[in-house]
Amino acid sequence: MSGMSLHRGISPHRIGAMILRYWYLLMSSWPRLLELLYWPALQVITWGFVQYYIAQNASFFAHAGGTLIGAVILWDILFRGQLGFSISFVEEVWARNLANLMMSPLKPVEFLLSLTVMSLLRLAIGIIPMTLLALVLFHFNIYALGLPLIAFFWNLIFTSWAVGVFVSGLVLRNGLGAESIVWTLMFAIMPLACIYYPISVLPVWLQYVAWVLPPTYVFEGMRALLIEHTFRTDLMLIALAINLILLCASFGAFLALLRSTKKHGSLLTSGE
Amino acid sequence: MARMIGNDGVYRGPVAGRSASGAIEVERVIKVYKQTRALDRISFSLPRGSITGLLGGNGAGKTTTIALIMGLVLPTSGRVHVLGHRIPEESASVLGRMNFESPYVDMPMRLTVRQNLTVFGRLYGVKNLAGRIAELAEDLDLTDFLDRANGKLSAGQKTRVALAKALINRPELLLLDEPTASLDPDTADWVRGHLERYRKDNNATILLASHNMLEVERLCDRVIIMKHGRIEDDDTPDAIMARYNRTTLEEVFLDVARSRVNGVKEVVR
């Protein structure tokens, strides 16, 4: 993979080549496609019924309809976005194809950009049917959130990419021994991101930690919109600023891990 | 004494230190992995249009040397220039002009041969890609299984596909790590013939690491013998065999591996 910096420009042709590679893979394997659909559908059905049950028995939730199911959908955007990014990367390690890519003219930034596109494609395959299920089964239309949904979506996607870039760097450096991090790291921030409950539930000292995470702002913003019918622009802007810092930091970490991998000579033997 | 090592530990054989405009220039490169010195001040220069064999036992440093030239491994010290550009700093200028094949690296198994060649052709910015794939398919006898998944091919077919990928961009520099490993003698001979023609038709430079001495004797106009990360010898196959008073490179290889000179165990250097 050429160079480690952004110099000499980015080639859309090379990014397109990598997207084509992942598209061929996805289309050649029905279990991979099914996996994209299966879990989001299961999530929305389970949590939809939970929400339905709680709404019947608690006046607050009856009033604040959709907070749980909305949270589930937004959480899946965050989780599936990262997974779509990282799994595409791990596919190269599974295929023992990394060295082929690393010594081709493909630049690290082009590689990562192709993974972001794949993250969106894989996410669309899983999330669009999920939202339609929520609409048909539970009469929850997430698209009715309107323009705020765009702000929620991009903030969550940026966080998922930042985590995805960092995790991919860890797999690059440590091989498939680090694969479990791909599946579990996002869950580590789950309690602090306050997906299903307001941040005020956390102890005060932990709230400071939670506010470092952009998803916390998104889920607080979603509750403000669904319960108080207020769109908190301030929360979205802070989340965006933190996301930009996280994206830069994770890209820097990826380059450092790539350099370390080359120093330790493990690219040709990447695997377990 | 077979080795021609200077006081500074650097090989000073008859073909070392050729002109700076060579295809590959490796200068006093040291590579240390934790406690292991994988390469110990190796220096060599390969002229354009040459085929050079890199010989040595397991752990001699052949794969590390090739990985350094590709920029997949960073040297601890020393300098590497490829096609006139410093590696890895200027690798963006040369990676499109070189390619490689290695048994340590696979191509995606679920993709068909055509899909794999399409992806790599696009990565290398190959013009008239469909035509180039058809040309390679004919040259390397891939036509019958172009639309079969790579994972469903025999070892020999996979090697030919990997070779097609390595040639997709008509590289000026081709790095091959055991290019005929796991091939039957007939296919291996056929691959060697193809490499010879490719070098001749394109004035390409080829560096190949191999354990197959007959292959090196047939293909290479120069041999670099490595042992424990150092260059033990560097010359034409004939000159090396004459120096060791041997008739085959295999006998030379065994002498080097067992530290013998002219069949006698070397005691003092």
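**Figure 1. Lys31(B) and its partner across the hairpin.** In this predicted model, Lys31(B) sits opposite Leu39(B), a residue of strand 2 of chain B. The two strands involved here are strand 1 (residues 24-33) and strand 2 of chain B, and they pair in the antiparallel sense over 7 bridges. Look at the turn that links them: the hairpin has 2 residues between the strands, and Lys34(B) takes a positive phi near 50 degrees there. Is strand 2 of chain B mostly covered or mostly open? Mostly covered, as 8 of its 11 residues are buried.

**Figure 2. The four-stranded sheet of chain B.** Zoom out a little and the hairpin turns out to be part of an open sheet of 4 strands, in the order 2-1-4-5, with antiparallel pairing. Which strands are at the edges? They are strand 2 (36-46) and strand 5 (85-87) of chain B, and each of them pairs on one side only. If you compare neighbouring strands in this sheet, they are turned by 30 degrees against each other on average, ignoring direction. At the other end of the order, strand 4 (residues 77-82) and strand 5 of chain B pair in the antiparallel sense through 3 bridges. One residue pair to pick out is Val80(B) with its bridge partner in strand 5 of chain B, Ile87(B). Here's a handy thing to keep in mind while you look: in a regular strand, side chains alternate between the two faces of the sheet.

**Figure 3. The six-stranded sheet of chain B.** Chain B has another open sheet, this one formed by 6 strands in the order 6-7-8-3-9-10, and its pairing is mixed. Strand 6 (98-101) and strand 10 (230-235) of chain B stand at the edges with a single partner strand each, so one side of each has no neighbour in the sheet. Neighbouring strands are turned by 15 degrees against each other on average here, direction ignored. Now follow strand 9 (residues 222-227) of chain B: 5 bridges join this strand to strand 10 of chain B, and the two run antiparallel. Within that pairing, Ile224(B) stands opposite Asp234(B) of strand 10. What lies across strand 6 and strand 7 (173-177) of chain B? That's helix 4 (residues 155-167) of chain B, running at about 170 degrees to strand 6.

**Figure 4. Chain B as a whole, and where chain A touches it.** Chain B has 8 helices and 12 strands. Of its 269 residues, 49% count as buried. Take the contacts within chain B between residues at least 6 apart in sequence: 66% of them join residues at least 24 apart. Then turn to the contact between the chains, which takes 29 residues from chain B and 30 residues from chain A. On the side of chain B that touches chain A, the elements giving two or more residues are helix 1 (62-70) and helix 2 (113-123) of chain B. That side of chain B divides into 18 nonpolar, 8 polar and 3 charged residues.

**Figure 5. Helix 7 of chain A, end to end.** How far apart should the ends of helix 7 (residues 147-174) of chain A be? At 1.5 Å a residue, its 28 residues should span 40 Å, and the end C-alpha atoms are 41 Å apart, so the two values agree. Helix 7 of chain A is also largely enclosed by the rest of the structure, because 20 of its 28 residues are buried. Just after the helix comes Gly175(A), with a positive phi of about 75 degrees.

**Figure 6. Two loop residues of chain A.** Leu106(A) is in the loop between helix 5 (98-102) and helix 6 (108-138) of chain A. Buried or exposed? Leu106(A) is buried, since 23 other C-beta atoms lie within 10 Å. Although Leu106(A) and Ile15(A) are 91 residues apart in sequence, their C-alpha atoms are 8.0 Å apart in space. Met190(A) is found in the loop between helix 8 (179-189) and helix 9 (204-210) of chain A. With 14 C-beta neighbours inside 10 Å, Met190(A) counts as partly exposed. From Met190(A) to Pro215(A), 25 residues apart along the chain, the C-alpha separation is 9.1 Å.

**Figure 7. How far to trust chain A.** Chain A has a mean pLDDT of 90, and 93% of its residues reach 70 or more. Residues 3-7 of chain A are another story: pLDDT stays under 50 there, and the model has 8 contacts beyond four places in sequence for them. Where pLDDT is low, the predicted coordinates shouldn't be read in detail.

Technical notes:
Residues are numbered from 1 along each chain as its sequence is written. Chains are lettered from A and ligands numbered from 1 in the order in which they are written. This is a predicted model: local features need pLDDT of at least 70, side-chain atom pairs count only at pLDDT 80 or more; totals for chains, interfaces and linings use all residues. The expected span of a helix is 1.5 Å times one less than its number of residues. A residue is buried if 20 or more other C-beta atoms lie within 10 Å of its own, exposed if 12 or fewer, and partly exposed in between; C-beta atoms are placed from the backbone. Two residues are in contact if their C-beta atoms, placed from the backbone, lie within 7 Å. Ala, Val, Leu, Ile, Met, Phe, Trp, Tyr, Cys and Pro count as nonpolar, Asp, Glu, Lys and Arg as charged, and the others, Gly among them, as polar. Two strands pair if DSSP finds at least two bridges between them. Axes are lines fitted to C-alpha atoms, for helices over the stretch in contact, and angles run from 0 to 180 degrees between N-to-C directions. pLDDT is the predictor's confidence in each residue, from 0 to 100.
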